[in-house]
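Colleague: Please take one loop of this structure and look at it closely. Then work outward from there to the parts around it in the sequence, in plain terms.

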Amino acid sequence: MASNRKLPFGYRMEQGKIKEYAVEAEAVRDICRRYLAGASFAALAEHLRDSGPAYDGDKPWNKNMVARILENTKYTGSGGFPALVPGEDFQRTQAQRKTRTAPSSKTPAQKELRRLCAGSPPKYIEDQVRSILNRLAADPEAIQSPEVPLIETAEAKTLQWKLAEMLSMAPVDEDAARKIAMDLAVERLNAIGPEEYETKRLRQLYSKLESQTELNAGLLHASIRRITIQNRRAIAELKNGQIIEGGFQK
């Protein structure tokens, strides 16, 4: 339909009477059906941009246009307009809109768990993670630094070669050799990861804890790097790199 948005989308004027405009009316019903099936405003707008019909001339569909259609009571037959959507479906649409826009009731710990899992985990994963934390609180010594092989950097190898060459030459320049030895020690120290430090920190943290009846957002943030889910098991990677699995839940 060309630009005639004095009337809501789905209608047109014929001989002074408001009539259903078939192509647009079917789009209104389709919007309602798809929304009730779970489609978002954005997904509906994208579908209509691809499939039409146009909302108003050459104006592309957007989320606001979709929202206006879903909230317009005229589509139920009010105000002398022909009914395009059953009143029951319209009420279901409004109820679903309230549900979708309701503020999140998740606790800070659940939000942190979602971040660690990179998505919303099922309830049994939440229980497994809490169990993992309680196991660590009961036995902080179970927190162990994983063995990480020390990889010699290219710079360290170069310094090692320079030091060996210098020591093989007489007389030895002690000041220069000492400087290279110090540079080599610093390079090797920098190559050591944080595993030992994090292990000590985590042991101290958990040694002060008692059993948790609920997840604690601060504890999750302070001790766990990420959580993956495999075969219905929570697999937690601690900040020191240690991997701990949760128990299987049916």
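Modeller: P60 is found in the loop between helix 2 (41-51) and helix 3. Before going further, note that the model is predicted. P60 counts as exposed because its relative accessibility is 54%, and the cut-off for exposed is over 50%. A second proline, P53, has its place in that loop between helix 2 and helix 3 as well. The peptide bond that joins G52 and P53 is cis, with omega at about 0 degrees. Aromatic residues also come into view here: F9, Y55 and W61 form one aromatic cluster. As for long distances, P60 and I229 are 169 residues apart in sequence, and their C-alpha atoms are 41 Å apart in space.

Another cis peptide bond joins A170 and P171, again with omega at about 0 degrees. P171 lies in the loop between helix 7 and helix 8 (174-191).

Going back towards the start of the chain, strand 1 and strand 2 (residues 17-20) pair in the antiparallel sense over four bridges. In this pairing E14 stands opposite K17 in strand 2. The hairpin of these strands has two residues between them, and Q15 there takes a positive phi near 50 degrees.

Strand 1 also takes part in an aromatic contact. The count of aromatic pairs comes to six. In one of them, the ring centres of Y11 and Y75 are 5.8 Å apart and the planes are at 10 degrees, so this pair is stacked. Y11 is in strand 1 (residues 11-14) and Y75 is in the loop between helix 3 (63-71) and helix 4 (87-101), so the pair links distant parts of the chain, 64 residues apart. Y11 and Y75 are both buried.

Next comes helix 1 (residues 22-36). Its 15 residues reach 21 Å from the first C-alpha to the last, close to the 21 Å expected at 1.5 Å a residue. Its buried residues include A25, V28, I31 and L36. C32 in this helix is buried too, because its relative accessibility is 6% and buried means under 20%. C117 has a relative accessible area of 15% and is therefore buried as well. The structure holds zero disulfides. After helix 1 comes G38, whose phi is positive, near 120 degrees.

Now the charged side chains. Side chains of opposite charge can pair when their charged atoms come close. The count of salt bridges in this structure comes to 18. One of them joins D89 and R92, with the closest N and O atoms 3.4 Å apart. D89 and R92 both lie in helix 4, three residues apart, which is about one turn of the helix. D89 is partly exposed, with a relative accessible area of 22%, and R92 is partly exposed at 43%.

A salt bridge between R203 and E141 has an N to O distance of 3.7 Å. This pair links distant parts of the chain: R203 is in helix 9 (residues 195-207), while E141 is in the loop between helix 6 (123-138) and helix 7 (154-167), 62 residues apart. R203 counts as partly exposed, at 24% relative accessibility.

R225 and E237 meet in a salt bridge as well, at 2.7 Å from N to O. R225 lies in strand 3 (residues 224-230) and E237 in strand 4 (residues 233-238), so the pair ties together parts that are twelve residues apart in sequence. R225 is partly exposed at 33% relative accessibility, whereas E237 is buried at 14%. Elsewhere, salt bridges that share partners join E20, E26, R29, D30, R33 and R34 into one network.

R232 has its place in the loop between strand 3 and strand 4. Its phi is near 65 degrees, a positive value in a residue other than glycine. With a relative accessible area of 34%, R232 is partly exposed. The charged end of R232 sits over the ring of Y124, 4.2 Å from the ring centre.

A118 also has a positive phi without being glycine, near 60 degrees. A118 has its place in the loop between helix 5 (108-117) and helix 6. At 75% relative accessibility, A118 counts as exposed. So does P60, the proline this answer began with, at 54%.

Definitions and conventions. Residues numbered from 1 in each chain as written. Predicted model: local features only at pLDDT ≥ 70, side-chain atom pairs only at ≥ 80, totals over all residues. Heavy atoms only, no water. Disulfide = S-S within 2.5 Å. Buried < 20%, exposed > 50% of the residue type's maximum accessible area, 1.4 Å probe, protein only. Expected span 1.5 Å × (residues − 1). Phe/Tyr/Trp six-rings, centres within 6.5 Å; stacked < 30°, edge-to-face > 60°. Lys NZ or Arg CZ within 6 Å of the ring centre and 35° of its normal. Pairing = 2+ DSSP bridges. Salt bridge = Lys/Arg side-chain N within 4 Å of Asp/Glu carboxyl O.
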